[in-house]
Number of protein chains: 4
Amino acid sequence: MTEYIIKIQSEDQIGLVYRITKIMFDNNLNVIDTTEFVDTDSKLFFMRLVVSGEIEVSDLNKSLEDELGSEVKVLIRKKNERKNVVIMVTKEIHCIGDILIRHLSDELNINICAVIGNHDNLRSFVEKFGLKYHTISHEGLSREEHEEKIQETLDSYNPDIIVLAKYMRILSEEFVNKYNEKILNIHHSFLPAFIGANPYHRAHQRGVKLIGATAHIVTKSLDEGPIITQNVEPVDHNLSIDDLILLGKDVEKIVLAKALNLIIDDRVFVNSNKTIIL
Amino acid sequence: MTEYIIKIQSEDQIGLVYRITKIMFDNNLNVIDTTEFVDTDSKLFFMRLVVSGEIEVSDLNKSLEDELGSEVKVLIRKKNERKNVVIMVTKEIHCIGDILIRHLSDELNINICAVIGNHDNLRSFVEKFGLKYHTISHEGLSREEHEEKIQETLDSYNPDIIVLAKYMRILSEEFVNKYNEKILNIHHSFLPAFIGANPYHRAHQRGVKLIGATAHIVTKSLDEGPIITQNVEPVDHNLSIDDLILLGKDVEKIVLAKALNLIIDDRVFVNSNKTIIL
Amino acid sequence: MTEYIIKIQSEDQIGLVYRITKIMFDNNLNVIDTTEFVDTDSKLFFMRLVVSGEIEVSDLNKSLEDELGSEVKVLIRKKNERKNVVIMVTKEIHCIGDILIRHLSDELNINICAVIGNHDNLRSFVEKFGLKYHTISHEGLSREEHEEKIQETLDSYNPDIIVLAKYMRILSEEFVNKYNEKILNIHHSFLPAFIGANPYHRAHQRGVKLIGATAHIVTKSLDEGPIITQNVEPVDHNLSIDDLILLGKDVEKIVLAKALNLIIDDRVFVNSNKTIIL
Amino acid sequence: MTEYIIKIQSEDQIGLVYRITKIMFDNNLNVIDTTEFVDTDSKLFFMRLVVSGEIEVSDLNKSLEDELGSEVKVLIRKKNERKNVVIMVTKEIHCIGDILIRHLSDELNINICAVIGNHDNLRSFVEKFGLKYHTISHEGLSREEHEEKIQETLDSYNPDIIVLAKYMRILSEEFVNKYNEKILNIHHSFLPAFIGANPYHRAHQRGVKLIGATAHIVTKSLDEGPIITQNVEPVDHNLSIDDLILLGKDVEKIVLAKALNLIIDDRVFVNSNKTIIL
């Protein structure tokens, strides 16, 4: 028996759960898991199903479209199909290192197609894992020129997910729009506190008693994208800025990996500037 | 429009979600929220629905029974109907104090019928809140005699939930069976660590770096009942046993209140010695 | 043997710990506990000692002054002496309720002199605990006039600590300066996120995955005072604004009580806009 | 100026802090940081100092011995001197992977001398990092024979710390005694819950709502050694045993790294079966 993950996003209507599960029943699909959420503000309906059986994805897609109307967003994936991922980095190793070690023990149901860095620092590390590393330096290039080069490389891999694993350059609105809802970023603060640069310096200066990290979908507004996961870690006056940065790395890498896993499992729905996690 | 909360527990079968939501659809009930879980080990199906519309509870019950068979456990409640609660205490104030203050600001959708204590200490406190306090001392009585007296008082209130808010006497198997799945207890440790008496002393002696509390349904096996909520708090070598006890009180009262709220909302299903929280 | 708590704040100098502990030694005082911290940025030295023995506070104070110079801030208190506390409230019960129940079981080493509310709502609750409640309404008064009335009442109690237990009016710079480092506030967000009004509404709108609360010393800049304690609680898309507010109450009351206890124990030092907790 | 870390462990006496800091003063050493703790049960005194200046370690050692007596345990280390570490593994990559990546970015002030595995699985991974990997299989050997071979290899590196990074064989009392207080282990449960084998299976079966991990010094009693760090992670009924194991890996690796860092920084004191962390 094959397992399928189905994501459905629609305007809310009476009887949606019934109509959707009826289609599963009529197609001889066994519902293993289902979660749904209705946003009463936006009147939107979100549902994630895991079903098992045998069916062509295109046929199931058609059944759902026929029943629900074509304006409904449906996404069906065989559970064992791996998503294609490209990772982008700058110089720091902790996030990509964590992902590559998870990948090595096959924790993550993905293909890592390549790693793109705007510096060369992490090349030898990444290549140890048998992965391609593309250095695309921003030096001497305008943002447009730099992003064009990145896009060329990215598009050659047709990625489902682009992970910014401490990629420290701001992306243009055009770039972000092109890869709409596909870019995952880790921000080194508990957003919306310390939006922007140097959050640990500012956290130290403010004397907070917790520091945090935020994984979010990248949208055009810097650090304003839909949040997937956040976590914090207690700190005290004994810690220097460097201590905060070091401690923050652990929060960052775990928060990023959790968010990545939620996307891999098709659990993340974007609802304007928020996420629904089913 | 009236809102209803429906709990369904059954052997797993193909098409259950479809058949259940069809009944809602046929009865003109709008499904506001639904969560379900299938325990693949025990092959049991658990579902919680919130629906709105107008229907006699007995009619909806009959529809569900007709469709699903009479061996299925169905529980339907109008959302605004309050459960009857009796609280049992010994001497400590922090848990009952927390509950009574929540009750005062109407956070909890319950009627507190009465408080039963095996000591008289908390009488004046409880009576300040306009609640009945029954002192049922265990002194000079066998366990059976003592529990018989408690049962008499309890039964006069016909409680849906019995909260042991630091009631420090062990209940007999007969007593527990009589109020099957109705008794909520707070244990002052992170179970299964430190089962039994004096957990904070033993935590101190063991030098743990976290202490915790566990709210659970009471079953005949001491501290072995299905766990609803747990939490922990970091501790260090500076803390004495008394410090641990004091710190533990905060964990206990919050964990107990969270568990109570989950029961009040009909979110807790008992699956042999575990809970399913929907 | 009497126990004394000593707080010392000074410019950093070589040999301070040695010179301070020498004074204890020379005065036949046994050092039970000592913690110190040097802020390398500001070159300030902070120390807290617990000592036991028999000495006049004024004599010990003089010894320290003679040795360290008069510009050093020294504060000595017999450990069993209780601080005087006045609590200020508006309408919400959860924070003051939590404090009063702790007080009832003598968890807090304080005298609660009185409660001041700008509304009358909490009077009957507070009076149940045998405490004085002063309603000082702001209606029809300018901020200056209102604060003047509050000061009159406050000053009649000569409080060591003023706890704003969800007192929802902004205090003037004059007021805050008058009670310098004596006012403790609970802010219903994880500062510096959501400074200002309606943090839960804004947290809901932003779709954060954690909400929090912050206890801080009040200074003239709104929500910018030195932070003592912070905590957070995970949330998800299922929670409405009202759910966040309810959940937030638990974080608020626990965070406030922890901060209050740190102040009671003379553990909090103010270092410009930060705290040192020893 | 050189920085030195000094650990002192002694029976408690009046004036110890004064006498110790006097020696620093007399030797022209500036006290940067000092923490101490007196265990009132065992009447033991523990102190950690960070001082800066210029002195021969042997001279400072002698000064302290002369003043405090030779039965006092004193340990002095230049802060920039790296400890020698040998890591022992079985098959799982997450803990050693995490350590090696931290090492690569020079987060840990250590030399990793070698990795010893009782299987060959992790050889190629470890060798990527330019480290020596010794496979010492237990197959066909008695425990004594196996441990003898391990000791031979270990001793050739003269390690200060032996990290059991998911080394899954039980060590004999002789072995443990030989490397007294030098062996750090990560146990995959929140001790003392689920001592022994298969903690995640038993956690799943018990239906706990938090899982955890414990880093501890290894002593002869299995899983009973002094605890350094612990942490937990919330779980629910949706998670299978495999999910718990996966989630647990994150807790394990972070808890182990925190404990390792505390040992590296000379912050861990063993007080019979507990730790004091200064």
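Leaving aside its neighbours within four places in sequence, which residues is V255(A) in contact with? They are I186(A), A213(A), T214(A), A215(A), T229(A), Q230(A) and N231(A). Here two residues are in contact if their C-beta atoms, placed from the backbone, lie within 7 Å.

## Basis

This is a predicted model: local features need pLDDT of at least 70, side-chain atom pairs count only at pLDDT 80 or more, and totals for chains, interfaces and linings use all residues. Residues are numbered from 1 along each chain as its sequence is written, while chains are lettered from A and ligands numbered from 1 in the order in which they are written.

## Around V255(A)

V255(A) sits in helix α8 (residues 241-264) of chain A. Helices (H or I, at least four residues) and strands (E, at least two) are DSSP runs, numbered from the N terminus. V255(A) counts as buried because it has 26 C-beta neighbours inside 10 Å. The scale is as follows: a residue is buried if 20 or more other C-beta atoms lie within 10 Å of its own, exposed if 12 or fewer, and partly exposed in between, with C-beta atoms placed from the backbone.

N28(A) lies elsewhere. Its C-alpha is 38 Å from that of V255(A), and the two residues are 227 apart along the chain.

## Chain A as a whole

Chain A has eight helices and 13 strands. Its C-alpha trace spans about 60 × 40 × 35 Å along the principal axes. The radius of gyration is 20 Å, which agrees with the value near 19 Å for a compact globule of 278 residues. That radius is taken over C-alpha atoms, and the globule rule is 2.2 Å times the number of residues to the power 0.38. Of the 278 residues, 45% count as buried. Among contacts in chain A with a separation of 6 or more, 66% join residues 24 or more positions apart.

The domain assignment splits chain A into domain 1 (2-78) and domain 2 (83-277). Such bounds come from an automatic or database domain assignment. The domain centres, taken over C-alpha atoms, are 31 Å apart. Ten residues of domain 1 of chain A are in contact with five residues of domain 2 of chain A. On the domain 1 side, β1 (2-11), β2 (30-39) and β3 (44-53) of chain A each supply at least two residues. That side divides into four nonpolar, two polar and four charged residues. Ala, Val, Leu, Ile, Met, Phe, Trp, Tyr, Cys and Pro count as nonpolar, Asp, Glu, Lys and Arg as charged, and the others, Gly among them, as polar.

## Core and helix α3

The largest nonpolar core has 332 residues. A nonpolar core is a set of buried Ala, Val, Leu, Ile, Met, Phe, Trp, Tyr and Cys residues joined through C-beta atoms within 7 Å. A165(A), A165(B), A165(C) and A165(D) have the most contacts inside this core. Leaving aside neighbours within four places in sequence, A165(C) is in contact with I87(C), M88(C), V89(C), C95(C), I96(C), I99(C), I186(C) and L256(C). In soluble globular proteins, nonpolar side chains tend to be buried together.

Helix α3 (residues 94-104) of chain B is largely enclosed by the rest of the structure, because nine of its 11 residues are buried. The buried ones are H94(B), C95(B), I96(B), G97(B), D98(B), I99(B), L100(B), I101(B) and R102(B). Their cover includes β5 (83-89), β6 (110-117), β9 (183-187) and α8 (241-264) of chain B. It also includes α3 (94-104) of chain C. Just after α3(B), D106(B) takes a positive phi of about 55 degrees.

## Chain B against chain C

Chain B and chain C each give 12 residues to their contact. On chain B, α3, α4 (123-128) and α8 each give two or more residues. The largest share, four residues, comes from α3(B). By class, the chain B side has six nonpolar, three polar and three charged residues.

A turn of 180 degrees with a shift of 0.0 Å along the axis lays chain B on chain C, with an RMSD of 0.0 Å. Copies are superposed by least squares on the C-alpha atoms of residues with pLDDT of at least 70 in both. In chain B, the C-alpha nearest this axis is that of K128(B), at 3.2 Å. The same surface serves both copies, as 100% of the contact residues of chain B recur in chain C.

## Chain B against chain D

Here 22 residues of chain B are in contact with 22 residues of chain D. On chain B, β11 (227-234) and β13 (274-277) are the elements that give two or more residues. The chain B side has 11 nonpolar, seven polar and four charged residues.

A rotation of 180 degrees, with 0.0 Å of shift along its axis, superposes chain B on chain D at an RMSD of 0.0 Å. The two copies are thus related as by a two-fold rotation axis. A193(B) comes closest to the axis among chain B residues, at 2.2 Å (C-alpha). Again the same surface serves both copies: 100% of the contact residues of chain B recur in chain D.
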